[in-house]
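Good morning, everyone, and thank you for making time for this. I would like to walk through the salt bridges in the structure that I am about to put on the screen, taking them one pair at a time.

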Amino acid sequence: SFELKLDNTARVSVDGDGNVGIGTTSPSVPLDVVGTIKSSVAGQAILSLDNTATNGDEWNFISRVRGSTSTLEFRNVDTTTDAVAITSAGNVGIGTTSPQADLHINSANSTALYITASDSNPANAAAIRFAEQADGANNYFELDYNGNLNTLTFNSNNQGGMLTLYRNGNTIYTGTSTKMGMGTSSPATTLDVEGTVSYKHTAFT
């Protein structure tokens with residue numbers, strides 16, 4: 001083994017297997033660093049991870065400036081795909097290196113966002129909440145998918161079950177307190193229509 005010391009303290013160590021340690025005298029991998037690693041460059045600072053196995057790819061973490069915006073990018077070198085980018089403003093881009101919102105997803109076609117649950121028919125399968133406060137506890141609307149009941153329901157902090165879509169029955173129904181307005185933003189009854197109603201039927205049941 002070999003050690004490089006400064007003030008009688010080992011700063012760099014090389015063991016019998018060729019492992020190099022910085023900040024440690026017992027490296028367990030080819031390069032073992034205890035402490036902070038910093039890369040400084042005027043252009044692109046790149047950390048490259050290359051998987052040489054079959055079907056493996058080379059991936060780069062890149063710190064760069066696009067225009068006047070600093071970004072951290074996750075790029076597939078083999079497919080030249082810019083997978084993820086994070087700007088200095090905190091915007092996250094998937095499929096784009098210039099995200100225009102907190103989360104910006106872009107694809108050449110069939111852009112999709114999946115929210116899934118791995119359990120079988122879970123009651124709390126998935127939810128999206130739109131809230132005013134950072135903790136999301138008050139003043140919110142929420143869209144909930146119940147895998148047990150096969151329903152997608154619009155809720156709020158004021159009322160649960162405002163509007164529900166039932167997958168098995170192909171039906172849509174409202175809660176008992178919901179008031180629906182068409183042509184008005186202040187419905188006074190369960191269904192309040194201001195305007196002309198047109199319908200066509202073959203039979204009543």
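**Salt bridges, pair by pair**

Let me begin with Arg75, which is partly exposed at a relative accessible area of 24%. Its side chain meets that of Asp82 in a salt bridge, with 2.6 Å from N to O, and Asp82 is likewise partly exposed, at 22%. Please keep in mind throughout that what you see is a predicted model, in which the count comes to 3 salt bridges.

Let me turn to another pair, where the side chains of Glu73 and Arg66 form a salt bridge at 2.5 Å, N to O. Is Glu73 buried or exposed? Glu73 has a relative accessibility of 2%, and because buried means under 20%, Glu73 counts as buried. Arg66, on the other side of this bridge, counts as partly exposed, with a relative accessibility of 28%.

The remaining pair to show you is Glu142 and Arg129, whose side chains meet in a salt bridge with a distance of 2.5 Å between N and O. Glu142 belongs to strand S12, which covers residues 140–146, while Arg129 belongs to strand S11, residues 126–131, so this pair ties together parts that are 13 residues apart in sequence. As for their surroundings, Glu142 is buried, with a relative accessible area of 15%, whereas Arg129 is partly exposed, at 38%.

If you look back at the screen, then, you can find Glu142 and Arg129 by following strands S12 and S11.

Key
Residues are numbered from 1 along each chain as its sequence is written. This is a predicted model: local features need pLDDT of at least 70, side-chain atom pairs count only at pLDDT 80 or more; totals for chains, interfaces and linings use all residues. Side-chain values use heavy atoms; hydrogens and water are left out. A salt bridge is a side-chain nitrogen of Lys or Arg within 4 Å of a carboxyl oxygen of Asp or Glu. Buried means under 20% relative accessible area, exposed over 50%, partly exposed in between (1.4 Å probe, protein chains only). Helices (H or I, at least four residues) and strands (E, at least two) are DSSP runs, numbered from the N terminus.
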